[in-house]
Amino acid sequence: MTDIAKLEYLLNKIKEPIACVKCSDEFTAGQSDSSSLQDYLKVDVGFTERGLQIWCQRHHLNICHINFEGHKLESDFRCLEKKS
Ligand SMILES: [Zn+2]
């Protein structure tokens, strides 16, 4: 039996959101109809030779590229849904 409390890290634990600077500027300037920056962002996220990259689909720009420096990090792809 799985202790569900131990899986709480599979819920949204983001403390510092990462956003495209250009998307952020456009949203702040009121140049979008989106109600939140999260809604406005359009990103690709994926593993690369170097590590993990976040890419802005709108501006075709790198947002962040994390270098794993050859390490294989633990990754958990399970989904955990809260029961309402
Ligand atoms: Zn952007």
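Is His60 buried or exposed? His60 is exposed, with a relative accessible area of 56%. Keep that residue in mind as you read these notes on a predicted model.

1. **The zinc site.** A good place to start is the metal. Four protein atoms serve as donors to the zinc ion: SG of Cys20, SG of Cys23, SG of Cys56 and ND1 of His59. They lie 2.0 to 2.3 Å from the zinc ion. Along the sequence, the donor residues follow the spacing C-x2-C-x32-C-x2-H.

2. **Geometry around the zinc.** Why is the arrangement called tetrahedral? The angles subtended by the four donor atoms run from 104 to 113 degrees, and so the arrangement counts as tetrahedral. For comparison, the ideal angle for four tetrahedral donors at a metal is 109.5 degrees.

3. **How covered two of the donors are.** Cys56 has a relative accessible area of 0% and is buried. His59 is also classed as buried, at 19%; the limit for that class is under 20% relative accessible area. You will find His59 in the loop between E2 and E3.

4. **From His59 to Glu26 and Tyr40.** The donor His59 has another partner to look at. Its side chain makes a polar contact of 2.7 Å with the side chain of Glu26. Glu26 belongs to helix H1, which covers residues 21-28. The side chain of Glu26 also meets that of Tyr40 in a polar contact, here at 2.5 Å. With these two contacts in view, you can follow a path from the zinc ion to His59, from His59 to Glu26, and from Glu26 on to Tyr40.

5. **A buried charge.** Glu26 deserves a second look. Which side chain of opposite charge is nearest to Glu26? That is Arg58, 4.9 Å away. Glu26 is buried and has no salt bridge; a salt bridge would need a side-chain nitrogen of Lys or Arg within 4 Å of a carboxyl oxygen.

6. **Strands E1 and E2.** Now for the strands. E1 takes in residues 43-47 and E2 residues 51-56, and the two pair in the antiparallel sense over five bridges. Together they make a hairpin, with three residues between the strands. Among the bridge partners, Gly46 is matched with Gln53 of E2, and Asp44 with Trp55 of E2. If you colour the model by accessibility, look at E2: five of its six residues are buried, which leaves the strand mostly covered.

7. **Strands E2 and E3.** E2 also pairs with strand E3, made up of residues 61-67. These two strands run antiparallel and are joined by six bridges. One place to check is Leu52, which stands opposite Ile66 in E3. E2 and E3 form a hairpin too, with four residues between the strands.

8. **Two residues with positive phi.** This brings us back to His60, found in the loop between E2 and E3. Its phi is positive, about 50 degrees, although His60 is not a glycine. Glu69 likewise has a positive phi of about 50 degrees without being a glycine. Where does Glu69 lie? Glu69 is in the segment after E3. Glu69 counts as exposed, with a relative accessible area of 62%.

9. **Salt bridges.** How many salt bridges are there? The count comes to two. One links Glu8 with Lys13, whose closest N and O atoms are 3.1 Å apart. Glu8 has a relative accessible area of 41% and is partly exposed, and Lys13 is partly exposed at 46%. In the other, the side chains of Arg78 and Asp76 meet at 2.8 Å, N to O. Arg78 is partly exposed, with a relative accessible area of 48%, and Asp76 is partly exposed at 28%.

10. **Where to look on a first visit.** If you have time for one area, try the loop between E2 and E3. His59, a zinc donor, sits in this loop, and so does His60. His59 is buried, whereas His60 is exposed. From there, step to Cys56, another donor of the zinc ion, and then to Glu26, the helix H1 residue whose side chain is in polar contact with His59.

Notes
Residues are numbered from 1 along each chain as its sequence is written. This is a predicted model: local features need pLDDT of at least 70, side-chain atom pairs count only at pLDDT 80 or more; totals for chains, interfaces and linings use all residues. Side-chain values use heavy atoms; hydrogens and water are left out. Donors are N, O and S atoms within 2.8 Å of the metal (3.2 Å for Na, K and Ca); water is not among the atoms, so sites may look incomplete. Four donors count as tetrahedral if all angles lie between 85 and 135 degrees; four count as square planar and six as octahedral if opposite donors are over 155 degrees apart and all others between 65 and 115; anything else is irregular. Buried means under 20% relative accessible area, exposed over 50%, partly exposed in between (1.4 Å probe, protein chains only). Two strands pair if DSSP finds at least two bridges between them. Lys and Arg count as positive and Asp and Glu as negative; His and the chain ends are not counted. A polar contact is a pair of N or O atoms within 3.5 Å; within protein, one must be able to donate a hydrogen and the other to accept it, and residues adjacent in sequence count only if both atoms are side-chain atoms.
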